[in-house]
Amino acid sequence: MENNFLIKVEKAFLERDLNTLKKLAVPTHREQNKKENYTSVLMLSCHNIKHLIKIPTLGANCIMLNLEDGVAKENKKEALKNIIEFLSKKSFKQKVIVRVNELDKGGIEEIKELNRFKVGIRIPKINYMRELNKVFDLTNNEIHLSVETK
């Protein structure tokens, strides 16, 4: 059944059938993996649905879904859409973290979209405490930070 769902998602994605993708994107209950002693993290760029489909077969303890610099600017909205659609139907044994864009470059909107899912949110390039406070105001999800130094 799960494999049939993935086939439908991939077919709709390849055909750019947004109506079907929207129908498939129904949130389901998912518990965040709270494991803190994971030993491997695999980062995947999410503009390619084939990367997402492989997640259940991967041996990494933690999967980081990348929206930031691993995704070209023109593919960022599609990558976010792919993540939302995929998280709507999938439950993973791995811890899942989504690496969003910088707050002033789409990250705020991405966090708002991802709040309906129990995933960690990785925030890149935090420079000031006010940026961190903004993140705390935006989400109750687990937060991972990339702090920039000069």
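**View 1. The largest pocket of the predicted model has a volume of about 290 Å³.** A pocket is an open set of points on a 1 Å grid over the protein atoms alone, where a 1.4 Å probe fits and protein lies on both sides within 12 Å along at least five of seven lines; lining residues have an atom within 4 Å of a point. The lining counts 13 residues, and Lys-76, Asn-101, Lys-105, Gly-106 and Glu-110 are the closest to the pocket centre. By class, 10 lining residues are charged (Asp, Glu, Lys and Arg), with 2 polar and 1 nonpolar. Helices α4 and α5 (107-114) each supply at least two of them.

**View 2. The second largest pocket has a volume of about 150 Å³.** Lys-81, Ile-84, Glu-85, Glu-113 and Arg-116 lie nearest its centre, among 11 lining residues. This lining has 6 charged, 5 nonpolar and no polar residues. Helix α4 gives the most, with 5 residues.

**View 3. Helix α4 covers residues 76-89.** Of its 14 residues, 11 are buried (under 20% relative accessible area, 1.4 Å probe, protein chains only). Among them are Leu-80, Ile-83, Phe-86 and Leu-87, as well as Lys-76 and Glu-85.

**View 4. The charged end of Arg-130 sits over the ring of Tyr-128.** The distance to the ring centre is 4.3 Å; the rule asks for CZ of Arg or NZ of Lys within 6 Å of the centre and within 35 degrees of the ring normal.

**Notes.** Residues are numbered from 1 along each chain as its sequence is written. In this predicted model local features need pLDDT of at least 70, side-chain atom pairs count only at pLDDT 80 or more, and totals for chains, interfaces and linings use all residues, while side-chain values use heavy atoms, without hydrogens and water.

Methods: Helix = DSSP H or I, 4+ residues; strand = E, 2+ residues; numbered from the N terminus. Expected span 1.5 Å × (residues − 1). Buried < 20%, exposed > 50% of the residue type's maximum accessible area, 1.4 Å probe, protein only. Points joined across faces, edges and corners; volume = space filled by probe spheres on them.
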